[in-house]
Amino acid sequence: MPNEMVQWGEEFFWRRGAELRSGLLPDDDARTSVVQSGFEPCLLAVIRLSMSGPTDSRTTSGWFRGTLARTGHLPRAVELASAIGDGPEQSEELYALVNAAAEAGDLHSAQALAESIPLRGPHDRAMVDLVAAWARAGDRDRAAALAERIRYPHNWGTAWAGLAKAVLARGDTVGARGFAARADDEVRSYVFDGTGEVLAVLVEVAAATGDRARAAELADRVEDFARSRHRNAGPRPPALAAVLAWEARNGDLDRIDALLRPSPRPPAADGPALGGTGAEEVGQARVPAAGSFLKARDLARVLDALAETTDHDVALALADRAERLLDTALASDRALLTTSVSRLLARLGQVERAMAVVGPVNPGHRAAQQALVVEQLAHYGRTDRAEALARAITDDETRARALIIVVREIARRGDPDRAEGLVQVITDDWARGEALVAVVRELARRGDRERAEALTRSVVHRATRARALAGLAELSEPSCARRLAAQVVLLDGWAAALPVLERIAPRAVAVVADQLTL
């Protein structure tokens, strides 16, 4: 991993790279001032002119086709996807468009498109997704009929489990239990790699319908499946982590403890022993390599799945177990578990303990881990402590990243003045602009549009200023939003304005599609 990615984090690393390439704005740049009106035809003209040059790679991307589908232009999206010559790639793009159309509420068109997908794999997966979509929309009979038409056995259990979950979300516990029973029948008759994930959904459904005994029995089957299918030393399926998280939310750590105990005999040559309920507690004796069934990555998944839904005492107990696992030779994914447990401890307000967990990390990564602690502190309202820790980070880039996070949270919590003041502490030009984007949005949300727009002019990178203006446009009335969107197009092209165009200029997305197909 490049050092800069460690310093900035994945989100900021890629965004910063792209926006630095867009270049700085000249001090006397006045091009955007020519757009003084919010008249819709003026905005459409600006969009057409912006597309007169070389084709932007974004115009041929799945992202743009998905936007077309979500904004009511599914035929245009399908036309662009159909131009892809490769059969598998084309089918995958059509599958993505099915979900985009379903997300927009056009289920009839989504189903017609699903049925037209030529390759059976993507066709079947699209039908599985539509089963749940029809059920969420209230048409469970159509959803069930569609589930009956799915071709491949490995998709049957997934479809019926998704139907059960969707029906449950609408309050129909009797129907949910019936569909869950059908899903169970399917996975009993045809076991496949995704069986654990189906069973994990059924655990969730059983628990939500009040059948705790059934949920516990299904949880046992998830563990049995994980043991039977994954005999090597690698991480276990995500389904097992989901079940462990569900049990932890209910204060039950027995299964986690059992899975963390070392095997009573040395691991076999082809993997760890799978049985065993050794009496040693984790941390009281050194666990041999691959000596427990649960790995560091698995426990990290459990901690991440719990987020803020766990009882404080249970969360601390899990942190204890995670720290002991870090002390053993099992922690091949030490950095991953360190990140998860330090986040958990920060959420709980255990700052010193979180920083102590970060301490043994590779020095090149320590500052990045500290930034993650800052993020959790800020997110949970401890902005003063988060700011102090962010200022104390010695690596310049990572400090800038941490300060952006604190500025965002302070602004989100309704204090744009304090947030703007903290922006001035950031020395990196791009990072300062990135932080101002959050301040601009909060000022706009509070109705202080003139101050927000003035603040965008202190953002020096072209693409970053365009993003700040786009955020302001999202929160402005239509005429002002159209004027701002035109400025965004002039700064960074039509694609940067696309997320706000459907609301403020319904014809704009069609104009883009027309220009693409000329």
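Me: Let's start with the largest nonpolar core. How many residues does it have, and which of them have the most contacts inside it?
Reply: Keep in mind that this is a predicted model. Its largest nonpolar core has 168 residues, and I47, L130, L163, L337 and L501 are the ones with the most contacts inside it.

Me: Take I47, then. Which residues is I47 in contact with, once its neighbours within four places in sequence are left aside?
Reply: I47 is in contact with V489, W494, L501, A508, V511 and V512. One of those, L501, is also on the list of residues with the most contacts inside the core.

Me: What about the whole chain: how many helices and strands are there?
Reply: The protein chain has 28 helices and zero strands. It runs to 518 residues, and 52% of them count as buried. For contacts, look at residues at least 6 apart in sequence: 65% of those contacts join residues at least 24 apart.

Me: On to the aromatic rings. How is a pair of rings described?
Reply: You give the distance of the centres and the angle of the planes. This structure holds six aromatic pairs. One of them is W8 with W430, an edge-to-face pair at 5.8 Å centre to centre with 85° between the planes.

Me: Where in the chain do W8 and W430 sit?
Reply: W8 is in helix α1 and W430 in helix α23, so to speak two distant parts of the chain, 422 residues apart. Both W8 and W430 are buried. There's a cluster here too: W8, F12 and W430 form one aromatic cluster.

Me: And F64 with W494, what are the distance and angle there?
Reply: That pair is edge-to-face as well, at 5.1 Å centre to centre and 75° between the planes. F64 belongs to helix α3 (residues 62–70) and W494 to helix α27, so the pair ties together parts that are 430 residues apart in sequence. F64 and W494 are both buried. You've met W494 already, as one of the contacts of I47.

Me: Now the pockets. What does rolling a probe over the atoms show?
Reply: With a probe the size of a water molecule, you see where empty space is left. In this model the largest pocket holds about 740 Å³ of space. Its lining has 28 residues, and G9, E10, R343, L372 and R401 lie nearest its centre.

Me: Which elements give two or more residues to that lining?
Reply: They are α1 (3–22), α17 (334–347), α19 (363–379) and α21 (396–412). α19 gives the most, with eight residues. By class, the lining of the largest pocket divides into 13 nonpolar, six polar and nine charged residues.

Me: How much space lies in the second largest pocket?
Reply: About 400 Å³. Its lining has 20 residues, with E19, A463, R467, D492 and A496 the closest to its centre. At least two lining residues come from each of α1, α23 (429–445), α25 (462–474) and α27 (494–504). The classes here are 10 nonpolar, two polar and eight charged.

Me: Helix α1 also holds A18. Is A18 buried or exposed?
Reply: Neither one: the cut-offs are under 20% relative accessible area for buried and over 50% for exposed. A18 has 38% relative accessibility, so it counts as partly exposed. Its C-alpha atom is separated by 9.7 Å from that of T464, which is 446 residues apart from A18 along the chain.

Me: And R221, is it buried or exposed?
Reply: R221 is in helix α12 (residues 212–229). Its relative accessible area is 17%, so R221 is buried. Leaving aside neighbours within four places in sequence, R221 is in contact with D184, V187, R188, L199 and R214.

Me: One last residue, E186. Which residues does E186 touch, not counting those up to four places away in sequence?
Reply: E186 touches W156, G157 and W160. For W156, the C-alpha atoms of the two residues are separated by 6.3 Å, with their positions 30 residues apart along the chain. E186 has its place in helix α10 (residues 173–189). With a relative accessible area of 12%, E186 is buried.

Key:
Residues are numbered from 1 along each chain as its sequence is written. This is a predicted model: local features need pLDDT of at least 70, side-chain atom pairs count only at pLDDT 80 or more; totals for chains, interfaces and linings use all residues. Side-chain values use heavy atoms; hydrogens and water are left out. On a 1 Å grid over the protein atoms alone, a cavity is a set of points where a 1.4 Å probe fits but cannot get out, and a pocket is an open set with protein on both sides within 12 Å along at least five of seven lines; lining residues have an atom within 4 Å of a point. Grid points are joined across faces, edges and corners, and a volume is the space filled by probe spheres set on the points. Helices (H or I, at least four residues) and strands (E, at least two) are DSSP runs, numbered from the N terminus. Ala, Val, Leu, Ile, Met, Phe, Trp, Tyr, Cys and Pro count as nonpolar, Asp, Glu, Lys and Arg as charged, and the others, Gly among them, as polar. A nonpolar core is a set of buried Ala, Val, Leu, Ile, Met, Phe, Trp, Tyr and Cys residues joined through side-chain atoms within 4.5 Å. Buried means under 20% relative accessible area, exposed over 50%, partly exposed in between (1.4 Å probe, protein chains only). Contact means heavy atoms within 4.5 Å. Rings of Phe, Tyr and Trp (its six-membered ring) pair if their centres lie within 6.5 Å; planes under 30 degrees apart count as stacked, over 60 as edge-to-face and the rest as tilted.
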